[in-house]
Amino acid sequence: MEAYEELQIDRLKALFAERTLTVRGKEKALKADFLSRLDLEETLQGLEEMELVYARYGAIPLPSGGDLRPLLSLAKKGATLNEHQLKQIAEEGKAAASYKKFAEEVEDAPILKRIAGYIPTFTPLVEEIDRCIDSSFYVVDKASTELRSVRLSIKSATRAIQDRLSSLVNDYRDYLSAPTLTMRDGHYALPVLNAYKSKVPGISLGYSGSGASIFIEPERLVALNAKLASLLEEEKEEVAKVLRHLSALVGSQEEDIELANDTLSDEDLRLAKAKWMADNQGHVGRIGDQLYIPDGWHPLLGKDKAVPNTFSLSTPRRLLVISGPNAGGKTVALKTVGIIAILFKMGFPLPCGNGAEIPYFSSIAADIGDHQSLDDNLSTFSGHIHSIASCLRGIDSRSLLLLDEVGTGTSPHEGEAIAVALLEKVLSLGCFAMVSSHFELVKEFALSEPGAANASMEFDEATLQPTYHLHVGSPGESFALVLSERFGLSHDIVLRAKQIAKGGEEVSIAASIKKLSALIKENEDLRLSLKEKQRILESEKEALEKKEAAFDKEKKAFADQLQAKTEEVLAKARKQAEAAIKSLSEPGVKLHEAVKAKARLDELLQADAKPSSRPAENLKEGDYVESLDYPLQGTITKLSGKKAVVSSSKGMSFTLSVDSLKKIAAPESAKPSLKGAVLDGLAKDKSLSLECNLIGMRYDEAKQELDRYLDSCRVKGFKRVRIIHGLGSGALSRMTAEFCKSHSFVERFEMAGEGEGGAGATVVYLK
């Protein structure tokens with residue numbers, strides 16, 4: 001029989017259900033059952049991905065709503081949903097849209113992205129519901145033209161009634177229990193003292209709780225109240241029309257809404273599992289051929305309280321016999337293995353360390369606990385045997401069998417015989433099995449059979465306390481005599497029991513087992529230590545491989561990004577260089593513009609100078625060449641290694657890479673050089689003074705003259721000149737300073753000395 005009840009599986013499911021946000025997610029956690037192998041593989045992959053997503057991004061956006069199926073069924077049948085129900089459906093649509101948006105932004109989550117791809121969002125329906133119903137679940141005026149109109153009429157009728165309030169209260173003030181107008185059954189009324197009810201003409205609407213007042217609808221309000229009541233009924237009908245309209249839309253999209261509700265609840269449960277792993281340091285197992293559970297612990301005891309143990313069963317050794325002291329943890333160990341195997345087959349994360357491997361068991365059966373039943377007239381032994389017989393039905397080589405205290409409840413001699421016979425049967429079936437026992441013959445059987453092994457729960461003889469640690473490879477003692485006195489048996493009884501036991505040592509194998517156990521334990525500890533080191537090395541190797549792969553991916557992405565950026569920068573530089581060359585060829589170019597363009601062009605050419613993959617030509621000084629990268633032609637005037645100085649037909653020189661030059665035929669007629677014609681043409685003054693006098697000029701005239709003068713000084717190569725601007729209002733002095741500050745070819749400037757004009761002149765130093 002399956003071990004649900006013995007292992008408290010329902011309580012385990014509740015651990016995950018309490019972390020869900022949706023009603024359907026909780027329901028799916030509580031109703032979880034065994035998965036097919038294919039579904040289990042997909043579930044485990046999705047769980048591993050969600051674990052990473054949750055660790056990196058936190059909780060994914062999911063609704064906290066309920067099960068929409070009942071509402072959708074009503075809408076499908078033509079029923080009208082109320083405001084709260086409609087807003088609940090709208091919230092589901094918003095949650096679906098948020099989930100899809102989140103999926104677009106996350107990285108390395110293909111399963112999440114695939115799920116988000118087929119979740120419908122029904123956005124137009126959500127927008128229509130939000131247009132008609134506000135956040136306080138009120139159907140707003142703009143929901144329909146008719147509703148807006150009737151509400152305007154209600155406001156008008158209410159104002160008409162309120163306009164008469166003060167006069168009515170004043171007219172009947174002496175007869176009222178309170179000078180106010182109140183609402184009774186949808187009608188405005190006056191609270192009249194019972195003794196004066198005949199003084200106020202109108203319709204009686206009932207008495208106050210004390211009976212001292214009667215509520216009378218004044219005659220002057222009857223018609224207005226009737227009109228208001230009629231309008232209120234119209235309003236209810238218009239609201240109902242809006243709700244019917246929205247409900248019909250919901251019914252028409254019932255399948256999309258149901259799919260979103262169902263899928264988001266699946267994701268809710270997947271997220272709840274990831275939360276449990278983060279809270280309890282759990283891990284995702286994988287399907288394998290062996291049973292390997294590193295550092296497994298009982299989840300109902302809690303991670304901090306439970307003692308973790310490693311369990312291992314494989315094809316050559318599928319049976320493990322656990323012995324040791326009473327209350328030493330044998331039963332907890334069996335339950336831990338059973339719980340982990342069942343949780344695994346249901347697609348839940350496991351309470352154990354990383355690297356768990358579990359077969360896809362065809363069945364999981366357990367006999368754990370006391371099976372005495374008064375109702376069924378079963379003793380402890382008969383209940384025990386009945387349970388074992390049930391467990392053996394349907395067991396095959398792909399099953400897991402857990403038996404606690406096998407063969408107990410009868411005489412030790414017969415119990416040992418039954419236990420050994422059962423274990424022989426278990427080995428012949430080839431299933432994975434773990435049993436606990438105190439019987440010496442069972443321990444001896446596990447020692448002698450190649451398909452079985454012993455294990456023991458550790459006991460500290462110094463403190464007389466169990467440690468709950470499992471040691472595989474050696475059987476354990478029961479320590480029954482030691483524990484009997486600890487648990488209250490009188491000393492004289494324990495002492496006599498020791499004497500009787502000592503007398504039977506000659507026929508007991510306990511001493512031999514104890515000696516053999518020490519050797520086996522030493523060997524097993526060494527084996528486990530080596531296995532753990534190997535596991536750590538493999539884990540570290542896997543982590544390094546993942547990091548290396550991630551680094552290679554990042555490096556390639558960075559290289560691609562750098563290459564694209566480099567090409568972008570070079571393309572921009574070439575465009576700027578071409579623009580500079582074009583500007584030098586334009587007629588009427590100003591001197592300072594020509595100098596600036598030439599400097600910028602040299603800068604760009606140097607920045608773009610790089611080795612070329614093209615074969616270099618055999619060039620020499622005097623050859624006429626053109627650049628393969630820029631629209632430049634000219635004569636090589638100097639060669640220096642891989643660099644060549646090329647003078648263009650306009651008289652300008654550029655330093656270019658030899659690899660980027662191609663020899664071409666020189667033009668038939670040489671054009672005048674820029675150096676001999678253009679630059680001299682720009683410098684209009686043949687003999688240039690070392691000072692410029694601006695006194696007597698207007699502001700704009702003086703600025704233009706200063707600009708022309710300093711450009712000419714740059715051509716002549718002057719380094720120090722004097723600008724005479726006088727004192728005056730100071731405008732020319734300030735203009736000179738501002739001009740010098742804004743031009744890069746001015747190295748610095750200062751007020752002239754006493755012998756050069758003092759504050760009336762400025763000395764300018766050029767680069």
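## Report on a predicted model: helix α9, the largest pocket and selected residues

I161 is found in helix α9, which spans residues 145–163; helices (H or I, at least four residues) and strands (E, at least two) are DSSP runs, numbered from the N terminus. The model is predicted: local features need pLDDT of at least 70, side-chain atom pairs count only at pLDDT 80 or more, and totals for chains, interfaces and linings use all residues. Residues are numbered from 1 along each chain as its sequence is written, and side-chain values use heavy atoms, with hydrogens and water left out.

I161 counts as buried because its relative accessibility is 0%, where buried means under 20% relative accessible area, exposed over 50%, and partly exposed in between, with a 1.4 Å probe and protein chains only. Not counting residues up to four places away in sequence, I161 touches Y188, L221, L224, N225 and L228; contact means heavy atoms within 4.5 Å. From C-alpha to C-alpha, I161 and A223 are 9.9 Å apart in space and 62 residues apart in sequence.

**The chain as a whole**

The secondary structure of the protein chain comes to 23 helices and 23 strands. Of its 767 residues, 41% count as buried. Among contacts between residues at least 6 apart in sequence, 65% join residues at least 24 apart.

**The largest pocket**

The largest pocket holds about 1200 Å³ of space. Of the 30 residues that line the largest pocket, E48, N354, G355, E542 and K546 are the closest to its centre. On a 1 Å grid over the protein atoms alone, a pocket is an open set of points with protein on both sides within 12 Å along at least five of seven lines, whereas a cavity is a set of points where a 1.4 Å probe fits but cannot get out; lining residues have an atom within 4 Å of a point. Grid points are joined across faces, edges and corners, and a volume is the space filled by probe spheres set on the points.

At least two lining residues of the largest pocket come from each of α4 (37–57), α7 (110–117) and α19 (510–585). By class, the lining of the largest pocket has 9 nonpolar, 8 polar and 13 charged residues. Here Ala, Val, Leu, Ile, Met, Phe, Trp, Tyr, Cys and Pro count as nonpolar, Asp, Glu, Lys and Arg as charged, and the others, Gly among them, as polar.

**The loop between α2 and α3**

L21 is found in the loop between α2 and α3, and T22 is found in the loop between α2 (9–17) and α3 (23–30). L21 counts as partly exposed because its relative accessibility is 36%, while T22 is buried, with a relative accessible area of 7%.

Leaving aside neighbours within four places in sequence, L21 is in contact with L62, P63, S64, G65, D268 and K275. With residues up to four places away likewise not counted, T22 touches P63, G65, S265 and D268. The C-alpha atoms of L21 and L271 are 9.4 Å apart in space, with their positions 250 residues apart in sequence. The side chain of T22 reaches the backbone nitrogen of G25 at 2.8 Å.

**Positive phi values**

Two residues other than glycine are listed here with a positive phi.

| Residue | Phi | Location | Relative accessible area |
|---|---|---|---|
| Q8 | about 55° | loop between α1 (4–7) and α2 | 32%, partly exposed |
| Q281 | near 55° | loop between α12 (254–280) and β5 (286–287) | 53%, exposed |

**Strand β23**

Y765 lies in strand β23, residues 761–766, and is buried, with a relative accessible area of 17%. Apart from neighbours within four places in sequence, Y765 is in contact with K719, R720, V746, E747, R748 and E750. The side chains of Y765 and R720 are joined by a polar contact of 3.4 Å. A polar contact is a pair of N or O atoms within 3.5 Å; within protein, one must be able to donate a hydrogen and the other to accept it, and residues adjacent in sequence count only if both atoms are side-chain atoms. A separation of 5.9 Å lies between the C-alpha atoms of Y765 and F749, 16 residues apart along the chain.

**Cysteines**

C352 counts as buried at 1% relative accessibility, and C740 counts as buried at 3%. The count of disulfides comes to 0, a disulfide being a pair of cysteine sulfur atoms within 2.5 Å.
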